[in-house]
Amino acid sequence: MDYQYYDEPDYADEDEDGSGGSDVVYVDQESTKRQSNNDFDDADFESVANRLWDSYEHCILPSLTQVTSYIVPLLLGCLLCRLLSTLYARRARLMTSSSSSCSWQEANSLKLAPLHIINALCGAGVLYATLGQKMLILLLLSGISFVLLQLVRLGKGQRGALAIAVLSIGSQFLYELAIWQKRDDWPQLRGLQMVTNMKVISLAFDLTATGAPGLRMPSIPAYLGYILNPASCALGPWLSYARYLDSLHNKPPLRRNLFHMMVNVLLSLVALVISNCIAPALGELHVAEEEYTTRHSAVSHWLLMYTGAMSVRNSHYFVSFLSQAQLAAAGQQLDTTTTAHSSSKELLGELVVRPWNIEWPRSLSALVRCWNVPMHEWLKRYVYSTSKLEQGSRQNTIVAVFCTYVVSSLLHGMDFRIYLVLLSLATFAEGETMLRRHLARLFNACVAANPCPGAERCRYAHCPQQRGWLCLSSWLVGLTNLAFTLLAIFHLAYLGVVLLNETLVMESENELPFLFHWSSAGYLSHYVGIGMFVLYLFIS
């Protein structure tokens, strides 16, 4: 036992009293030890309480105060655009039918030009409130994209659209290289330029699509209204030109949208507090500040990685919930083919992210689909379907999946961390999908990567929703799916922490942060992901 915490005068006093026998001394030591432990417990509790109060006073309140000045202009711009559009639509008698939608030919008419101008001006106001004079760079890039869009008139089939895709993504790299010396300015514009490129590329493919008669090149007001739509110009998400036209003067009920807006704003603030304050505080609880070195135990390091990745995820949730609030305020709908739970859509409106499927994922592939629902729809519609040459070919499916992840990486600009994370994620997700698909067929069990469609539609014999939980096979299936869920959470922490701006202290200043995290974890996630591929090859 370590008695360094006891004071020597206590022992001297006990010896002088004449009652300093060994038994008595032992009892006094134990009582003193218990008293010391109680003192330490009280000190620890007081330290945690002080830390929580400091986090509230110096992190939570400043964060909420600062972000309020950012949120208000976004929502006011969307609400103003909705109000002006509704007033003009009523005055011009455009709201004759609640189910009527605007065709591509009508979009260029003079009667609808004021609606496009309203969207463009409100979107420009939102950008100016959030970016200031930097918005001029985005307007210039949007004008260049409109010039590139004219290439679809020259190409045959999808060649023009493919040329626009290559030029749009390539020009984004040129912009980043051109302002390499001002790296502080570009990250603010990178995400906005990515959404603009996605809109231009999707518009080019839609214009060249076969079997879609009557499509016309949008006029300048229609193009600017689409690109600068206040519901998607500042934070995203992507929405197609057809969906923009559908919601041009047909809006959902205002009362329901206001409810969706308030709920999403509240959730965005909660996500902001978790990202900026709670997740870092949880990371500090595991290891004392003075012990932030590479000599952590494995458990402490993984806890730090998980809390760091939690901060990254909640930062994404903050942006996504705020974009959902903008969609609700503007009355803009998305054109996603994925079906969402009715309860979630009733509560939140149009869904950009599904955090409940990310924090507790069935598989990595399901996690990717829920991370950014509109972007997943864009990649599936314009990249995956185009890359897949032969329907049903397994090799072409794998190639199409990796092409999708490569394009997604390039859209994010020149960020080596993004490249490593997305390509690693593609490898892990595809290996898991193929392995679980083969295991599901081999054992006729509902252990595939995709969620179970339900008792009536599930094609596997061993399905817990069909047979109930009183059957042993149902428990085995449930435990197998649970193991893959925990593995996906493990991968999520491993890959997500490298996107955190703040990094742990490293012994070598020249060592890259993400290599430090992965090397400290022994590159375990990569070994597991590659091992799934190897296991699939052995048993298939």
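**Exercise 1. Find Gln 466 in this predicted model and describe its surroundings.**

Step 1. Start with the secondary structure: Gln 466 is part of helix H17.

Step 2. Next, look at its accessibility. The relative value for Gln 466 is 35%. Buried would need a value under 20% and exposed one over 50%, so this residue is partly exposed.

Step 3. Now list its partners. If you set aside neighbours within four places in sequence, Gln 466 is in contact with Ala 455, Cys 458, Tyr 460 and Ala 461.

Step 4. Zoom in on Cys 458. Its backbone oxygen lies 2.9 Å from a polar atom of the Gln 466 side chain.

Step 5. Finally, check a C-alpha distance: Gln 466 and Glu 456 are ten residues apart along the chain, and their C-alpha atoms are separated by 7.7 Å.

**Exercise 2. Work out where Leu 76 sits and how far its C-alpha atom is from that of Ala 330.**

Step 1. Leu 76 belongs to helix H2, which covers residues 22–91.

Step 2. Its relative accessibility is 53%. The cut-off for exposed is over 50%, so Leu 76 counts as exposed.

Step 3. Along the chain, Leu 76 and Ala 330 are 254 residues apart, while their C-alpha atoms are separated by 9.4 Å.

**Exercise 3. Examine the backbone at Asn 444, Tyr 523 and Pro 237.**

Step 1. Recall the general pattern: most residues other than glycine have a negative phi, and most peptide bonds are trans.

Step 2. Turn to Asn 444, where phi is positive, near 50°. This residue lies in the loop that links helix H16 (416–443) and helix H17 (464–467). Asn 444 is partly exposed, at 32% relative accessible area.

Step 3. Try Tyr 523, where phi is also positive, near 55°. Its loop runs between helix H19 (513–520) and helix H20 (524–539). Tyr 523 is partly exposed, with a relative accessible area of 32%.

Step 4. Move to the bond from Gly 236 to Pro 237: this peptide bond is cis, with omega near 5°. Pro 237 is placed in the loop between helix H7 (220–227) and helix H8 (241–246).

**Exercise 4. Summarise the whole chain.**

Step 1. Count the elements: the chain has 20 helices and zero strands.

Step 2. Consider burial: 47% of the 540 residues count as buried.

Step 3. Look at the contacts between residues at least 6 apart in sequence; 72% of them join residues at least 24 apart.

Step 4. End with the surface: the chain exposes about 27,800 Å², and carbon and sulfur atoms supply 61% of that area.

Terms used
Residues are numbered from 1 along each chain as its sequence is written. This is a predicted model: local features need pLDDT of at least 70, side-chain atom pairs count only at pLDDT 80 or more; totals for chains, interfaces and linings use all residues. Side-chain values use heavy atoms; hydrogens and water are left out. Helices (H or I, at least four residues) and strands (E, at least two) are DSSP runs, numbered from the N terminus. Buried means under 20% relative accessible area, exposed over 50%, partly exposed in between (1.4 Å probe, protein chains only). Contact means heavy atoms within 4.5 Å. Accessible areas come from the Shrake-Rupley method with a 1.4 Å probe; for residues, only the protein chains shown count as cover. A polar contact is a pair of N or O atoms within 3.5 Å; within protein, one must be able to donate a hydrogen and the other to accept it, and residues adjacent in sequence count only if both atoms are side-chain atoms.
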